[in-house]
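This report covers the strand pairing of a sheet and the surroundings of one helix residue. The structure it refers to is shown below.

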Amino acid sequence: FGMKALKNLRLEDIQFSKKYVSSFKGPQFGIQGIRKLTQVKERPLIATVPKPKVGMTTKEFANVAYRLWTGGVDFVKTDENMTSQPFVNFYKTTREVLKMRDKAEKETGERKFFLANVTAETNEMVKRAHFVKKCGGEFIMVDFLTAGFSGFQTLRNECQKLKLAIHLHRALHGSMTRNPKHGISMLTLAKLARLIGGDTLHIGTVIGKLVGKREDVINLKDSLNR
């Protein structure tokens with residue numbers, strides 16, 4: 001990518017040997033494990049994301065999460081750029097939201113999950129993952145590109161000990177994947193993330209505000225479904 005002789009270069013796909021794949025842990029839970037965890041065998045799992053960055057406090061965010069869970073949603077996640085702002089401190093918010101998760105589970109008789117965004121400096125990510133476990137959480141979320149592959153791998157290893165599932169957000173990917181002539185495809189990034197050990201991954205949609213071609217989204221789904 002840095003060679004003067006090249007005007008454009010794009011990495012479209014990547015393949016691994018069985019020996020190489022076996023040297024990584026891969027997902028701890030994967031598709032079947034998540035299905036078992038949620039106790040939902042057939043229907044699509046439903047997730048949504050309230051937006052604290054528009055001004056919600058911890059209490060407001062927790063109440064919105066509760067209403068979403070009791071309305072039928074399976075997963076409530078924090079935003080990719082919500083880490084630990086003064087008005088939604090990570091530790092306070094995680095504790096309060098998981099209390100509401102417990103309340104929603106008792107009222108609905110269904111499993112509910114909170115994807116707490118632990119993205120931070122590596123040691124802080126590990127600390128946050130331990131806090132999620134301490135509060136009764138079963139899932140964490142990480143922006144794997146902004147955390148870096150090494151930081152993500154450290155977190156993945158720690159989550160193995162904690163038995164925490166990992167949802168991956170692809171924040172920052174557009175800077176690498178959007179230009180059709182130059183960069184790295186989302187498919188390549190997704191395969192690397194899966195190799196290290198993400199259980200679920202934000203692959204985008206065909207409609208909405210974000211860029212995403214139908215064939216690309218379907219290709220990502222099919223490639224990670226194997």
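In this predicted model, Lys 77 stands opposite Leu 115, a residue of strand S4. The two strands concerned, S3 (residues 75-77) and S4 (residues 113-117), are paired in the parallel sense over three bridges. On S4, Ala 116 has Ile 140 of strand S5 opposite. The pairing of S4 with S5 (residues 139-143) is likewise parallel, over two bridges.

The pairings of S4 are set out here.

| Strand pair | Sense | Bridges | Residues opposite |
|---|---|---|---|
| S3 (residues 75-77) and S4 (residues 113-117) | parallel | three | Lys 77 and Leu 115 |
| S4 and S5 (residues 139-143) | parallel | two | Ala 116 and Ile 140 |

Both pairings belong to an open sheet of six strands with parallel pairing, in the order S2-S3-S4-S5-S6-S8. Strands S2 (47-48) and S8 (200-201) are at the edges and have a single partner strand each, so one side of each lacks a neighbour in the sheet.

Helices connect the strands around S4. Helix H4 (residues 90-108) forms a right-handed β-α-β unit together with S3 and S4. A right-handed β-α-β unit is also made by S4, helix H5 (residues 122-134) and S5.

How are the side chains of S4 arranged? Phe 113, Leu 115 and Asn 117 point one way from the strand, while Phe 114 and Ala 116 point the other way. In a regular strand, side chains alternate between the two faces of the sheet. Five of the five residues of S4 are buried, so the strand is largely enclosed by the rest of the structure.

Outside the sheet, one lysine can be described in some detail. Lys 191 lies in helix H9 (residues 186-196). Is this lysine buried or exposed? Its relative accessibility is 15%, and because buried means under 20%, Lys 191 counts as buried. Apart from neighbours within four places in sequence, Lys 191 is in contact with Asp 13, Ile 14, Gln 15 and Phe 16. Between Lys 191 and Ser 150 the separation is 41 residues in sequence and 15 Å in space, taken from C-alpha to C-alpha.

Technical notes: Residues numbered from 1 in each chain as written. Predicted model: local features only at pLDDT ≥ 70, side-chain atom pairs only at ≥ 80, totals over all residues. Heavy atoms only, no water. Pairing = 2+ DSSP bridges. Helix = DSSP H or I, 4+ residues; strand = E, 2+ residues; numbered from the N terminus. Buried < 20%, exposed > 50% of the residue type's maximum accessible area, 1.4 Å probe, protein only. Right-handed = clockwise from strand over helix to strand, strands pointing away. Contact = heavy atoms within 4.5 Å.
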